[in-house]
Amino acid sequence: MSVTMLRLTDEGPYSGPIGMFYLVKNAHDDLDVWLKVSTDEGKTFGESILVTNQPGYHVMNNDRVQRLSTGRLVVPVASTADVSKVNHFVARCFLSDDQGLTWRLGQGAIDYAQRGAMEPEIVELATSEDGRVRLAMYMRTQLGHIAVGYSHDAGENRTQGVDAQIRARGGPATSRRLPSTGDLVMVWNDNFTAGAGHGGKRTPLSIAISKDDGKTWQKVGDIETSKQHTYAYTSLCFVRGRMVMSYYVRDESTGRISNRFRSLPISWLYN
């Protein structure tokens, strides 16, 4: 469940080993992230490597693992001891500096009100003037907004979470840096209804950009608006000047869920 496919090195966009990160749930107190590596373009994969090598229930969304400019791999998770007894999560990161062969838990964690800091996403920010690698961690909350916390040492430590000033029902956000412009882009549900379950439905599916490294965000528009369907858990990559996305679509009348693939030109963000 919740798969991430990622090139583990920067040899090129279509070369180098491929990592397949996935979750294995054994019990309400045992959910782990594992990694398998392919060196033949996905034809075969090697032995499983345990990423979350600490006790607990570790939630990671699809398309969440990031490879930093330094080569470090960062796996953001929301952890709890036993999801059936303690439905409260803290966000933290597991780190690898040897292309996924070994893993360790970064220091500290981000907590938040009510159910905590959930379904974290990592995006690398501009390097600081003194050379430190900075990260932003965006998190789902129950308070009607996306929260954000920061790391100033490539994920080793984190600040506490604050309101990112992005309205959101209780759902995740996906954020990436646009390769052609350097701006940040975010896909999320721009909706919040106080008192509604999870703060409202997962519609519309919206896009915003930030031209100041995440300090402020400007909504561009909605890519899905149906009130008979809901949308979430977006995967996002960039191919030949286009945003290529996948996300789930739930038919509210039948409860059936399907995947949708969508491609938009990056220029659409600036029209």
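**Entry 1: contacts along the chain**

I began with contacts between residues at least 6 apart in sequence, and found that 45% of them join residues at least 24 apart. I note here that the model is predicted.

**Entry 2: overall make-up**

I looked up the secondary structure next. The protein has 20 strands and zero helices.

I then checked the radius of gyration, which is 18 Å. A compact globule of 271 residues would have a value near 18 Å, so the protein agrees with that expectation. Along the principal axes, the C-alpha atoms fill a box of roughly 45 × 45 × 40 Å.

**Entry 3: surface and charge**

I looked up burial: 51% of the 271 residues count as buried. The exposed area of the protein is about 12500 Å², and carbon and sulfur atoms supply 51% of that area.

For charge, I found 31 positive and 29 negative charges. Their mean positions lie 7 Å apart.

**Entry 4: Glu119**

I picked out Glu119 and located it in strand 10, which covers residues 118-124. Is Glu119 buried or exposed? Its relative accessible area is 10%. The cut-off for buried is under 20%, so Glu119 counts as buried.

I then asked which side chains Glu119 meets in polar contacts. One is the side chain of Arg140, at 3.0 Å. Another is the side chain of Tyr233, at 2.7 Å.

I also listed what Glu119 touches beyond four places in sequence. Arg140 and Tyr233 appear there again, together with Tyr138 and Met139. The list also holds Asn61, Arg64 and Ala78, as well as Gly171 and Pro172.

**Entry 5: Arg176**

I turned to Arg176, which I found in strand 14, residues 174-177. Its relative accessible area is 8%, and because that is under the 20% cut-off, Arg176 is buried.

Which side chain makes a polar contact with the side chain of Arg176? I found Asp63, at 2.7 Å.

Leaving aside neighbours within four places in sequence, I noted the residues in contact with Arg176. Asp63 is among them, and so is Gln66. Glu121 and Val123 are also in contact with Arg176; both numbers fall within residues 118-124, the span of strand 10. The rest of the list is Asp183, Leu184, Val185, Leu236 and Phe238.

**Entry 6: the two residues together**

I set my notes on the two residues side by side. Glu119 is buried at 10% relative accessible area, and Arg176 is buried at 8%. Glu119 has side-chain polar contacts with Arg140 and Tyr233, while Arg176 has one with Asp63.

Notes: Residues are numbered from 1 along each chain as its sequence is written. This is a predicted model: local features need pLDDT of at least 70, side-chain atom pairs count only at pLDDT 80 or more; totals for chains, interfaces and linings use all residues. Side-chain values use heavy atoms; hydrogens and water are left out. Helices (H or I, at least four residues) and strands (E, at least two) are DSSP runs, numbered from the N terminus. The radius of gyration is taken over C-alpha atoms; the globule rule is 2.2 Å times the number of residues to the power 0.38. Buried means under 20% relative accessible area, exposed over 50%, partly exposed in between (1.4 Å probe, protein chains only). Contact means heavy atoms within 4.5 Å. Accessible areas come from the Shrake-Rupley method with a 1.4 Å probe; for residues, only the protein chains shown count as cover. Lys and Arg count as positive and Asp and Glu as negative; His and the chain ends are not counted. The place of a charge is taken as NZ of Lys, CZ of Arg, CG of Asp or CD of Glu. A polar contact is a pair of N or O atoms within 3.5 Å; within protein, one must be able to donate a hydrogen and the other to accept it, and residues adjacent in sequence count only if both atoms are side-chain atoms.
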